[in-house]
Amino acid sequence: TQINPTTRLITINTGWNWIGFVSQRYLPVTEALGNLTPTNGDVIKGQSKFAMYDNILGWAGSLVTMQPNKGYMYKAASAATFTYPIAGLYTKSIESTEQTFTTTWNVNETQFANSMSVIAKLDCATGQVSNNITLGAFVGTECRGVSVISNTEQLNGMFYLTVFSNTNNETVIYKLIDETNGITIDLYNISIFTNNGI
């Protein structure tokens, strides 16, 4: 028997929550969470991608589509309840619109138990940044996360990067690569890994 998602109330507590996705098909994050009233700064993340809610932009990030049979974590500023929309009951095929990371750098997220969400903005003197720029996170020489640049009008120069680790307090360094010519730039920014950190 297919589950009518409108009959399954999802409870969100303050802080991090594990939530399932009761749907028969892919749904955009904005549609899937359309019955929820999020707070500015709320985060939803899957195994390798995430999105953050902004009062002006709505949901923005690398997680664009929620997928059936996947679990998610939701960080809420305040408690709430919601249901997924009735559209999830119907099995009409909808393709995922997730970003695919086909880059020089690779990371196998299944090797790591923990993740941290990083939002980065590339400041560029020329204004517009190439679509072929990729941001990588490294611990030593090991790649721990990769994100392609967002060059939409509202998110020009933004990266939504998931960094992976099995241990807190690792030092994470960052690099840029131009996929067109292979030129790599070491960045000055560093961060300390914190599980579920933002």
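Two strands are taken to pair if DSSP finds at least two bridges between them, and strands themselves are DSSP runs (E, at least two residues), as helices are (H or I, at least four), numbered from the N terminus. The model examined here is predicted, so to speak of local features a pLDDT of at least 70 is needed, and side-chain atom pairs count only at pLDDT 80 or more, while totals for chains, interfaces and linings use all residues. Residues are numbered from 1 along each chain as its sequence is written, and side-chain values use heavy atoms, with hydrogens and water left out.

With these terms in hand, the sheet can be followed. Gly20 stands opposite Gly71 in strand 8, and 6 bridges join strand 2 to strand 8 (residues 71-76) in an antiparallel arrangement. Both strands belong to an open sheet of 5 strands, ordered 2-8-4-5-6 with antiparallel pairing. Strand 2 (15-20) and strand 6 (58-61) form its edges, each pairing on one side only.

Beyond strand 2, Ser23 lies in the loop leading to strand 3 (27-28). Ser23 is buried (under 20% relative accessible area, 1.4 Å probe, protein chains only), at 8%. Its side chain reaches the backbone oxygen of Arg25 at 2.7 Å. Leaving aside neighbours within four places in sequence, Ser23 is in contact (heavy atoms within 4.5 Å) with Pro68 and Gly88.

The largest nonpolar core (buried Ala, Val, Leu, Ile, Met, Phe, Trp, Tyr and Cys residues joined through side-chain atoms within 4.5 Å) has 21 residues, and Ile19, Ile44 and Tyr74 are among those with the most contacts inside it. Strand 8 gives the most to this core, with 3 residues.

How values were computed:
Buried means under 20% relative accessible area, exposed over 50%, partly exposed in between (1.4 Å probe, protein chains only). A polar contact is a pair of N or O atoms within 3.5 Å; within protein, one must be able to donate a hydrogen and the other to accept it, and residues adjacent in sequence count only if both atoms are side-chain atoms.
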